[in-house]
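Hi,

Here is the structure I promised to pass on to you. Please open it and keep it beside this message as you read.

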Amino acid sequence: MPPTTALRRGGRVDPLEVHELVHGTGAVIPDPIEFVLSDQYLDREYLYPRQATMLKVIFLREDMFTQYDYDVIGEWSDTFRRTGDEGCQPDLLDRMRICREEGRPWFREVVNVTGRRGGKGYLGAICGAYVTWHYLHRPGGPQRYYGIDRDKRLSLLVFAGKKEQATANQWRDINNVILGAPCYTSYISRAQGQSLTLFAPTDVLRAERLAARGVETESDLATFEILPKESTLMAARGPAAFCQLYDEMAHVVAVGTTRSAEEVYQSATPSLDQFGYDGFIYEGSSPWQMTGQFYENWLHS
């Protein structure tokens, strides 16, 4: 039974149905490629072969590699050895294996340096939707799983130089992917111009508890919110942000009230610590100056 059914009809929920929703006995976490292409999940019409390779890398799925994937990574690694600034790290496969041995579900931080019209936003949207799908189906509910207050909302934040830019680009990409996904249909609470909220299965129980006490509310009880954010120091303070997406991070500079990418990054990333290995950061940008946080992160990588 979809969680929205109980929340919107105001009736009681069968305890067995609630148990299945909360404990995930019927939930399935597919591999990232199936998640993108299957008509049961995102139902996207296309995924270019090298985008598929990148998704397998990001989510540490070497078990899904074909010879094509090994050849592509070999090509990218050789290019990096020759140029020093194109391709991928030559030890990428070793890094993937180390992360898997540590029990990580994905790389915590992805620095995607790609030119204009290279699909950065689309890939970031897919990653954000896939990470959120994992969180949505945490056994016992995401708040209990991570030791967070049961009423605390969990946030996926999209940062850009201006809130309008975040809304028009990376946020719109993930908003479109989720709204168009059959798997998310029953979990959508409110889809508005600059926010998207999603129910977790445990939100059924919260609605039940309120109804049992005779409490009526028009508040949005959804656990998850996906929001565009401006680049200010206060934008990331307060929310329990499990995922952060940066739009054109290399181009975020301090102008007026807008802060630099370095200041925003340093202010925002500590909120991921409460989620341990499951925190996720995606930084997509075309290259620009050899200064700033995006370039620093590229050097660290």
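Let's begin with one residue, R61, which is partly exposed at a relative accessible area of 22%. Before going further, please keep in mind that this is a predicted model.

The side chain of R61 meets that of D63 in a salt bridge, with N and O 2.8 Å apart. D63 is exposed, with a relative accessible area of 58%. The general idea is that side chains of opposite charge can pair when their charged atoms come close. In this structure the count of salt bridges comes to 12.

Here is the overall picture. The protein has 12 helices and 7 strands. Of its 301 residues, 52% are buried. Its accessible surface is about 14,400 Å², and carbon and sulfur atoms account for 48% of that. If you take the contacts between residues at least 6 apart in sequence, 73% of them join residues at least 24 apart.

Now back to the charges. Another salt bridge joins the side chains of R97 and D94, at 3.8 Å from N to O. Where do R97 and D94 lie? Both are in helix 6 (residues 92-101), 3 residues apart, which is about one turn of the helix. R97 is partly exposed at 37% relative accessibility, and D94 is partly exposed too, at 45%. This pair belongs to a network of salt bridges that links E62, D94 and R97.

D220 and R153 form a salt bridge as well, and their closest N and O atoms are 3.8 Å apart. D220 sits in the loop between helix 10 (203-212) and strand 5 (224-229), while R153 sits in the loop between helix 8 (142-145) and strand 2 (154-159), so this pair ties together parts that are 67 residues apart in sequence. Is D220 buried or exposed? Its relative accessible area is 18%, and because the cut-off for buried is under 20%, D220 counts as buried. R153, at 23%, counts as partly exposed.

Next, have a look at helix 4 (residues 49-58). This helix is mostly covered, with 7 of its 10 residues buried. Those buried residues are Q51, A52, T53, L55, K56, V57 and I58. What covers them? The cover includes helix 3 (32-37), helix 5 (67-83), helix 6, strand 1 (109-113), helix 7 (120-136) and strand 7 (280-285). Just after helix 4 you will find L60, which takes a positive phi of about 60°.

The aromatic rings are worth some time too. How many aromatic pairs does the structure hold? There are 21 of them. One is the pair of F35 and W133, which is tilted, with 6.1 Å from centre to centre and 45° between the planes. F35 lies in helix 3 and W133 in helix 7, so the pair ties together parts 98 residues apart in sequence. F35 is buried at a relative accessible area of 0%, and W133 is buried at 5%.

F59 and Y130 form another aromatic pair, this one edge-to-face: the centres are 4.7 Å apart and the planes are at 85°. This pair links distant parts of the chain, 71 residues apart, with F59 in the loop between helix 4 and helix 5 and Y130 in helix 7. Both F59 and Y130 are buried.

These two pairs come together in a bigger picture, since F35, Y41, F59, W106, Y130, W133, Y184, Y187 and F280 form one aromatic cluster. A ring can also have a charge over it: the charged end of R138 sits over the ring of Y135, 5.5 Å from its centre.

Last, the cysteines. A disulfide is a covalent bond between the sulfur atoms of two cysteines. How many disulfides does a search of the whole structure find? The answer is 0. C127 is in no disulfide, and the nearest cysteine sulfur, that of C243, is 8.4 Å away. With a cut-off of 2.5 Å between the sulfur atoms, that distance shows why C127 and C243 are not counted as a disulfide. C127 is buried at a relative accessible area of 0%. C88 is buried as well, at 10%.

Enjoy exploring, and write back with any questions!

Best wishes

How values were computed
Residues are numbered from 1 along each chain as its sequence is written. This is a predicted model: local features need pLDDT of at least 70, side-chain atom pairs count only at pLDDT 80 or more; totals for chains, interfaces and linings use all residues. Side-chain values use heavy atoms; hydrogens and water are left out. A salt bridge is a side-chain nitrogen of Lys or Arg within 4 Å of a carboxyl oxygen of Asp or Glu. Buried means under 20% relative accessible area, exposed over 50%, partly exposed in between (1.4 Å probe, protein chains only). Helices (H or I, at least four residues) and strands (E, at least two) are DSSP runs, numbered from the N terminus. Contact means heavy atoms within 4.5 Å. Accessible areas come from the Shrake-Rupley method with a 1.4 Å probe; for residues, only the protein chains shown count as cover. Rings of Phe, Tyr and Trp (its six-membered ring) pair if their centres lie within 6.5 Å; planes under 30 degrees apart count as stacked, over 60 as edge-to-face and the rest as tilted. A charge sits over a ring if NZ of Lys or CZ of Arg is within 6 Å of the ring centre and within 35 degrees of the ring normal.
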